Structures are given as C-alpha cells and as structure tokens.
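This report introduces one protein structure to a reader who has not met it before. The sequence and the model are shown first, and the description follows.

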Amino acid sequence: MKSALALSLTVLVTVGVAAQRGRGGAPSQPTAPTPPGPPRVELLKKEAAAEVEAMRVQTQQMVDQVFSFAELGFQEFETSTYLTALLEKNGFKIERSYAGVPTAWFATWGSGKPVIAIGSDIDDIPQASQKPGVAYHDPIIAGAPGHGEGHNSGVPLNITAALVVKKIMEREKLPGTLKLWPGVAEELVGTKAYFIRAGLFRDVDVSLFAHVGSNLGASWGGGFGTGLVSIEYTFKGESAHSAGAPWRGRSALDAVELMDIAWNFRREHLRLQQRSHSIITNGGDLPNVVPQNASVWYYFRETDYEHIKELREIGDSIAKAAAMMTNTEVSSRLLGSAWPQHMNKTLAETMYANIVSVGLPAWDADDIALAKGIQKELKQPQIGLATQLNPLRGGLDPEQNMGGPSDDIGDVSWVVPTVTLGYPANIPNLPGHNWANAIASATPIAHKGVTAGAKVQAMTIIDMLMRPELVQGAWDYFRNVQTRDQKYIPFIGPDDQPAITMNEKIIEKYRPEMKKYYYDPTRYKTYMEQLGIKYPTVRQ
Ligand SMILES: [Zn+2]
C-alpha cells in the first residue's frame, strides 16, 4: 500500500501535469509502452522522423500562416482554404463544407484498410490577439481574436506527418487510407458530434488526434476532465416605455437575471465535479425600452453522461421557472456539446513508445528566456520549458475526477478507438484561453514542438499501417473494456444543427484590419520577422 505522503505527491504531480495539458484528473498507474515492431517497421519509422525533420521549414510556414489568420470558430475560412489547398496540391481528395459546416472539410489519400483519421482543432480565442515572441500583453490588433490556445499548429503537424507517411506508403506500396480533418469551432465544442452524425468516422479504424500542450505526451482511459452541453436560453417578453408605461412591459432581461440568480443558488447543492458558467448574449437594447427579448448562454459541465444530462434538466427547469416568474416565454438552442473523453489504451501505449523515441525538443537560451519572461510577467514559478517527459498515464479512477475542461474529441473517442497526442508547442503555467497562450504559438518553441509532435504522429501512423495486431488490440480495448457498460448517446438531437453563424459579426468587424497582417512566406522567413519582432522580447 502506498503511504499517504507518496499518494499525495502523486496527486500533486499528476494534477500539475494535467493542469498544463488543460485537464483535471485523478492519479493513475503508469503502464508500459508498446514494444518495438519488426525491424522493417522500426526502420521506416526512423526514416519518417528524419523526413519530418527535413520538412521543418514548411512546417514552420504552416504554423505561422494559420497563426496569422487567427480565426474564431465557424469562421475559419482563410485557414481551411489554405490547408485544403496544400493537401489538394499533394494529391489528397478534398470534401468541402462537410456536415453543413462551411469551414469544415476532410481530405483523403490512399486506398483500403486501415483507414486512419488524423485530426486537430483550428479555431482561436476572442480578444487574444498577441505579438508572438513578446513576453507581455502586446496585441497585433487590440480587441481582435488570436491563437490564445495554440490551435494554429495541430493541423500543420498532421499535414507534415501525413505527407511524410504518404511518400513512404507510395514507395513501399503499403495499403491504407489517410483521412485528415479539422476540429472546427472546438472552443464552442460545436462540430465533432455533427461530423459523427454525418458519418465521418463510419469507415475509420483508428483515430489519432493532436492537441497543443507544454509537453509531449499521451494518456489512456477516462476519468479526467468533463463533458458538457452548451445551451442558449432566449426569453421573449413585451416591450413598453420603461418610464411611461412600465406596467405594460414584461422584461425578458428580468428572466435572464432570475435564471442566473437561481442557478447560482442551486450551485451550492450540485456535485463538486460540476463546472457551469454563463454569459448574457443579449441584455436588451436601451434602458428606456423594456427588453422584449434577452438571452443567456450556459456551459453545463460534468464528468459523465448521466450527470451532464441531469445538469441540463436542472437548467431547463430553472429557465422555465424564470419564464413563469416574469410572464415571459422561453426557448432554448443547443449550441455545442462534448462527451467526456476516453482514450484508447493500445493507441496510447503505441504512441507513447514513439514519444520516448523522439523525446523533447532541444530548447535554446532564447526559448527558455521567453518562457521564463512570461512566467515572471504572470507571477508564476519560472520553470522555463518542459525538459522531462511525463510517464504514460492511464486507468484513471472516475471517482477521483474533480472536473475540468472538455473537448468534443470526447465524442469521437466513444465511436472509434482514439488517442490524443499532446505536443510541446507552448509554455507551462499559463492561464489558457488568454493572450499569454499565444506568445509562443508562432515562435521556435511552437516550431520545434510541432516538428517533435509530427515525428510521433508519423511513426504512430506507420505502426497502425504495418502492425494490424495493434489496430485489433485497440478495438479489443474499445469493445471489451471501454464500451462494455457505457454506450455513446449523442447530446445532439436529430433536429439540432451546427451553430454556423456564431462569431460572424466579430470576424466581419476585424477582418479588414487582420488581412494586413496575414503572413507572407514569400517575403519573410518567419512571421516574427514580418512583424519586426526581436526574439525573445522580454520585459527588463
Ligand atoms: Zn484546445
């Protein structure tokens, strides 16, 4: 039995790691990476890693280019046009406007089994515009969106890996299909359930996902983070002159405020694992007009399907009660949803073996100076960048899950064996969803981290193509362990539709100014060079 001290130490270390990767989580038992494959496979994996290294300039250009587009969820038009053009030029077949989402697509190359889905998110964060390489708040355009999460680097990582593997597949005549896809509007958890409904994963054997972090890693099992439903409640009342005849009005805003008050009282009596937050998206037009309509937008997060459903029902009844109190009417719209994630054991163990073989990038003094500069700026421990891999984590105890963020890759993980590669393109100890998370995202930290990640991804794809027993092992775990007692029931109903007009107005407002700052790789080696930034720029 573990001593209490050892146990609490494990908790501390795991929570620290989890926080960096944006996840809450319980302590876990380390498991062993998958042993190496036959010599031919290992040789091709080595070659793939060398080819990824040789592509680092193209990788850097893709990372910088998407960073400069800086598009919010459902508005990733420049990003998707650019990425699909690249893939098309390299022989991929593109399906555009997928699942009724104008910025969604998927790209396929190859033929036959296995079909390997390779995905990552592409959207960014409101008001997170930030000059890369600068260790204090210094927006490119004040108020504009920016990659304050680092979603600019995941699809570039996947493209590098896929192009390298494609070349090897052609030469070695390996059967298999590569299927690249973007996580559109991940911050709204707005599309992955719709991609599933449209059939994106129906023919897929394994799904490899990539998400930015501050270390190279993978984990398996569930029991970390949350899932959620995102719902906007809209109340409809009656307008009147606020001073002349207020008794003739019925305020929709009153209903919104009463709903918020009721929810915040109710919060005391909800499980500690829940996370819920809201913003008022419409609070009326003028104080002297009784608001005839008003809306409030909630994220209801919990650690499992049943509890998420329960929170949603509480939300619905509180909304109805608020409508009754104010004699208004309420309607609601599902804007997004995510299942809690459950990552595949075989896939994580295989990916982890490649992580160990690739190792962390060699950071230089400038990279570390930027990292310590922002950590100092934000009054965080100045630990610099990751220099040690975390152990492979798995088999987390759901009872110990204290909640945390969500990602709609969770839905995908319940329909096909899935693993997420965390890659070190960012700095530890940042707040997340903030300008600070954008400072590294178009610097050598991101470029090196993405190259390391692309090596792991390419090697893992080769494992899946050439070692059918691993694909079999992934499905054994998926069928006999993960989904034995828990089946996927989507939160979206048959009539729900993706919220494709979200963020339209914000992008419209900033687009003309943002265009002036799109990266031009024909004139500048890097985006920082184009912006005239000295790397690193740190407060003295
Ligand atoms: Zn993310």
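## Report on the predicted model

Asn-503 counts as buried, because its relative accessibility is 19% and the cut-off for buried is under 20%. This residue is found in the loop between helix H13 (468-482) and H14. Its phi is near 70°, a positive value in a residue other than glycine. These values, like the others in this report, come from a predicted model.

Lys-173 also has a positive phi, of about 55°, although it is not a glycine. Lys-173 lies in the loop between H5 and strand E4 (176-183). With a relative accessible area of 71%, Lys-173 is exposed. Most residues other than glycine have a negative phi, and most peptide bonds are trans.

**Cis peptide bonds**

A cis peptide bond joins Lys-113 and Pro-114, with omega at about -5°. Pro-114 has its place in the loop between strand E2 (105-111) and E3. The peptide bond from Tyr-535 to Pro-536 is cis as well, and its omega is near -10°. Pro-536 lies in the segment after H15.

**The zinc site**

Which protein residues are the donors of the zinc ion? They are Glu-149 (OE), His-151 (NE2) and His-211 (NE2), lying 2.0 to 2.1 Å from the ion. Along the chain, the donors follow the spacing E-x1-H-x59-H. The pair His-151 and His-211 links distant parts of the chain, 60 residues apart: His-151 is in the loop between strand E3 (115-121) and helix H5 (154-172), and His-211 is in strand E5 (residues 206-213). His-151 is buried, with a relative accessible area of 3%. His-211 is likewise buried, at a relative accessible area of 15%.

**Thr-526 and its surroundings**

Thr-526 lies in the loop between helix H14 (504-515) and helix H15 (527-531). Its relative accessible area is 23%, so Thr-526 is partly exposed. Leaving aside residues up to four places away in sequence, Thr-526 touches Gln-60, Asp-64 and Tyr-519. The C-alpha atoms of Thr-526 and Leu-83 are separated by 18 Å, and the two residues are 443 residues apart along the chain.

The table gathers the accessibility of the residues described above.

| Residue | Relative accessible area | Class |
|---|---|---|
| His-151 | 3% | buried |
| His-211 | 15% | buried |
| Asn-503 | 19% | buried |
| Thr-526 | 23% | partly exposed |
| Lys-173 | 71% | exposed |

**The protein as a whole**

The protein has 15 helices and 10 strands. For 540 residues, a compact globule would have a radius of gyration near 24 Å; the protein has 24 Å, which agrees. Taken along the principal axes, the C-alpha atoms fill a box of roughly 85 × 55 × 50 Å.

Of the 540 residues, 59% count as buried. Among contacts with a separation of 6 or more, residues 24 or more positions apart account for 83%. The protein exposes about 22200 Å², of which carbon and sulfur atoms supply 55%. It carries 52 positive and 56 negative charges, and the mean positions of the two sets are 4 Å apart.

Methods: Residues numbered from 1 in each chain as written. Predicted model: local features only at pLDDT ≥ 70, side-chain atom pairs only at ≥ 80, totals over all residues. Heavy atoms only, no water. Helix = DSSP H or I, 4+ residues; strand = E, 2+ residues; numbered from the N terminus. Rg over C-alpha atoms; globule rule 2.2 N^0.38 Å. Buried < 20%, exposed > 50% of the residue type's maximum accessible area, 1.4 Å probe, protein only. Contact = heavy atoms within 4.5 Å. Areas by Shrake-Rupley, 256 points an atom, 1.4 Å probe, with all protein chains shown as cover. Lys, Arg positive; Asp, Glu negative; His and termini not counted. Charge placed at Lys NZ, Arg CZ, Asp CG, Glu CD. Donors = N, O, S within 2.8 Å, 3.2 Å for Na, K, Ca; no water.
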